[in-house]
Amino acid sequence: MSSEKLNVIALISGGKDSFFSLIHCIGHGHQIVALANLFPGPGPDSSSAISGGQSPFRREDATKAGSETSLQTPSDLSSPVGFQHIDPGTRTPQPPGPATGDHDSLREAQGAGESSDTDLNSFMYQTVGHEVLPLYADATGLPLYRLPITGRAVRHERDYDATANAQDKVQDSDETESMLPLLQSIIARHPEANAVCAGAILSTYQRTRVESIALRLGLVPLAYLWQYPVLPTTSADISADTQLLLDMANVGLEARIIKVASAGLDENHLWERVSSEAGSSRVKNALRKFGSAQGAAALGEGGEFESLVLDGPSSVFKKRIVIPEQGRRIVREGGGCSWLMLGGALLEDKHDATAKPAARIPNLLDPRFKTVFDDLPQPMNELKAAKACLTLLSQDAVTFTTDSEVLRWSVLPDLGLGEMSIQDETAQVVEKIRDLVSGAGVQLSQITSTIIILRRMSDFPQVNGEYGKIFTKPNPPSRVTISCGDLLPAGVNIAISLAAPTPRATQDRNGLHVQSRSYWAPANIGPYSQAIDVPVAAQGQPTGLRCISIAGQIPLIPATMVLPSTPEKPHELQIVLSLQHLWRIGQEMKIQWWTSSVAYFPRANSSEIQRSAQLAGYAWKQAHGSPDEEVDGDNGPDLWDLKYNPAYMSLGNDDKIARKALPDWEALTLRQQNEPETGIPPMFAAEVEELPRQAAVEWHAHNGLSGIEEASFSMCALPELTLPGWKTWHSAVTTTSATVIYSTAAYYHADRLHSASLEILKIDMCKVMQESLHELHPHGPETVQTKLALVYADASQIVSIWNNLGDESEVTLIPCRSIWSSDGQSVIILGLFETVFIRGP
């Protein structure tokens, strides 16, 4: 666990998820310094709220909580309009009114003032039950700060762009921006605050908005519940969604349903204790009638229900909230939506002093990867290369091959300009990137992936500052960063390679950029995404296949962002943990198959690197499993998809939205499904100088593929070619319009040590690839147009590796101290190719 202890502002809505995230913060040793809440405020008029797609705002907060100055807080601090500061002990709610059950008298006795019989229905914030929120200050002993929500949901895109309002000249403010003045005011009163936590589980829409505000304010975003349903459960018999609710129950969190808005759930489920085994079971049984009982729906992530927390562990709740039965009035909005108007809420002392167990922290490794880890290390003689398989491609007519519609550049700083600082050197490279991309008619925001090669990893903070200036939009490109030391040209301290679709390619881009700490995978705080997903095009038209670029994965513990320090097999754990990160990101991006991969290792002696290559090769093979293994269940679509993606907007479509497994064995040809060892993509190890954070390994998956139809993918290996020492592998996907092939070529023989230049070896490699593609597709065109994209070169065995490489180079070169196959054989050069065959009518 990290020794870094954070001072956290907890964003709370009153719901179960925000409080459970707070509990996990405490479990990691962080201190909660304040609670923060946004509640419905007065709009300019109710008609404008309705026209904006929202229900009318409530006219006044039901607690009549006063402004900050009336609560005797510092007068020298400015406050936004409507800002409320409620310290523990400053507000004591009145007991309920006469026992007649009249709800108006209850509200009046509580000081409720005017309240509306419509809920704001914000897509960003839970607002139902907000009249109880002021009691949390006394209940928890923490100061509570509140601010009315202003604006409406102007930006409906899944990934929030804070600059879009100004660029689009949108007059109305997005409701997300209400968080900014609230958190600014809290920081002014609690300057020690350096983090903010929220309860996002599956909603990218909500998570990216919190992250946008947090990072602008220099706060570390924490989302410990992110992707919680895909994390390991306590038992194989417990579903992932049920596990979360049981974990809440085990720590004593009492969460009641106060709103239902889904077919299957009705007002009979109001006030159900959902944070219990019985309550969660009843909710799932009701949802199951309409085909939506798993994942997001069972957790209320799609708005199926909302909850209110009344009590929790003594580490958080010093008193519990009680709302009498006569204080709960049902409001029916129509369309299956109903909720509880609450009044007469009271605080009562807690008499049960029994300590509840701490919140369960999910196991670091999934069962699949725990098995891989337990199996390591294997005896060296058992770590063998995967079997080869030659599967000829379809004999359908192929008219010609076409160039891959991906632009690539490898950019180095100018030499001969005298000594420069790394910041100035990076700034020069960045300016070159701007010119190259602009000259090609491509936007910087369309770049999909980059590889940064440094001489010294210690330069990375300065490099990151300059590099980040060109990526200001959501979902910047994925990135791999390594240090190659003195293998870079003399006088060069940085090289950046990048890829982007051609201007005529279909501009349909998805990204995954999680910047919050969680248990899921390491946060990417900064100008790089975990993954970027774009369509594969041929002649300007999509093929139906999609290619995903994944950032390099190092073995950080996601919840703490530090490397593991276990005495048990530490090297093996780093290999397996970082590979699990790669897998989790791949599953989230719906990747069905990898094309190839490299595991980077820092400089070491030859025997250590060889052993690392074999260990990584075994882990890579075992992670693929076999067709007979049980497939993990899907946890449902993102919340944004549920509202805005037509494919997800109806109930009972579980088959349509189920994610494919990784790997998806059904995508392979039937022959390879029966010979699963022949379907393992090639994997290599590359020795470099140093890795980020002093990690022992960094996994680089070259391409992830999705959109593969059943039995349309084949993995082929050709070990015997005319030129001795060469081996080739092909990941081939056949679509209705094209066959797309991602190929790998490796040269093993060292009979030309210190005599062959890189250019000669590249010529041989291209000849070998032509021959191999003809073997693979004997009825294809005589001349195959294929593109060399990436080269790994063993600088100790190849001379003149940096000759003829300038800004116009389309080939990324990674100089290595050594290269190894997955079974521990030395490799001199490794190349990756892309080929597209256009299928005839």
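Contact here means heavy atoms within 4.5 Å. With that cut-off in hand, here are the legends for a set of close-ups of this predicted model.

**Figure 1. The whole protein chain, before zooming in.** Take the contacts between residues at least 6 apart in sequence: 77% of these join residues at least 24 apart. The secondary structure adds up to 18 helices and 33 strands. Of the 841 residues in the protein chain, 61% are buried. About 31500 Å² is exposed, and carbon and sulfur atoms supply 49% of that area.

**Figure 2. Helix α13, checked end to end.** This view follows α13 through residues 570-588. How far apart should the ends of its 19 residues be, at 1.5 Å a residue? The expected span is 27 Å, and the end C-alpha atoms are indeed 27 Å apart, so the two agree. Burial is the other thing to look at here: 16 of the 19 residues of α13 are buried, which means the rest of the structure largely encloses this helix. Past the helix comes lysine 590, with a positive phi near 65°.

**Figure 3. Glutamate 572, a residue of α13.** Here we stay with helix α13 and pick out glutamate 572. Is this glutamate 572 buried or exposed? Its relative accessible area is 8%, and buried means under 20%, so glutamate 572 counts as buried. Setting aside neighbours within four places in sequence, glutamate 572 is in contact with Phe373, Leu376, Pro377, Arg611 and Leu615.

**Figure 4. Helices α10 and α14 crossing.** Helix α10 covers residues 367-375 and helix α14 covers residues 606-624; their axes come within 10 Å and cross at roughly 145°. The crossing of α10 and α14 is right-handed. On the α10 side, the contact is made by Arg368, Phe369, Val372 and Asp375. The α14 side brings Tyr618, Ala619, Gln622 and Ala623.

**Figure 5. A mixed four-stranded sheet with a helix across it.** Reading across this open sheet, the strand order is β14-β17-β15-β16, and the pairing is mixed. Which strands stand at the edges? They are β14 (406-411) and β16 (478-483); each has a single partner strand, so one side of each is left without a neighbour in the sheet. Ignoring direction, neighbouring strands of this sheet are turned by 10° against each other on average. Strand β15 (residues 449-454) and β16 run parallel and are joined by six bridges. To find your place in that pair, look for leucine 454, which stands opposite serine 483 in β16. Helix α11 (residues 422-439) lies across β14 and β17 (494-501), running at about 25° to β17.

**Figure 6. Threonine 502, in the loop after β17.** Threonine 502 sits in the loop between β17 and β18 (510-512). With a relative accessible area of 13%, threonine 502 is buried. What does threonine 502 contact, leaving aside neighbours within four places in sequence? The list is Glu405, Val406, Leu407 and Gln507. Alanine 440 is worth marking too: it is 62 residues from threonine 502 in sequence, yet the two C-alpha atoms are 7.9 Å apart in space.

**Figure 7. Strand β27 and its two partners.** Strand β27 runs through residues 726-734, and seven of its nine residues are buried, so the rest of the structure largely encloses it. Strand β26 (residues 713-718) runs antiparallel to β27 and is joined to it by six bridges. In that pairing, leucine 718 has threonine 728 of β27 as its bridge partner. Nine bridges join β27 to strand β28 (residues 738-747), also in the antiparallel sense. Tryptophan 726 is found opposite tyrosine 747 in β28. How many residues lie between β27 and β28 in their hairpin? There are three.

**Figure 8. An antiparallel four-stranded sheet.** The order in this open sheet is β8-β7-β11-β10, and the pairing is antiparallel. β8 (305-311) and β10 (328-334) are at the edges with a single partner strand each, so each has one side without a neighbour in the sheet. On average, neighbouring strands of this sheet are turned by 40° against each other, direction ignored. Strand β7 (residues 254-260) pairs with strand β11 (residues 337-342) over two bridges. A handy landmark for the pair is lysine 259, opposite tryptophan 339 in β11.

Notes
Residues numbered from 1 in each chain as written. Predicted model: local features only at pLDDT ≥ 70, side-chain atom pairs only at ≥ 80, totals over all residues. Heavy atoms only, no water. Expected span 1.5 Å × (residues − 1). Buried < 20%, exposed > 50% of the residue type's maximum accessible area, 1.4 Å probe, protein only. Areas by Shrake-Rupley, 256 points an atom, 1.4 Å probe, with all protein chains shown as cover. Pairing = 2+ DSSP bridges. Axes fitted to C-alpha atoms, helices over the stretch in contact; angles between N-to-C directions. Left-handed = near helix turned anticlockwise from the far one by under 90°.
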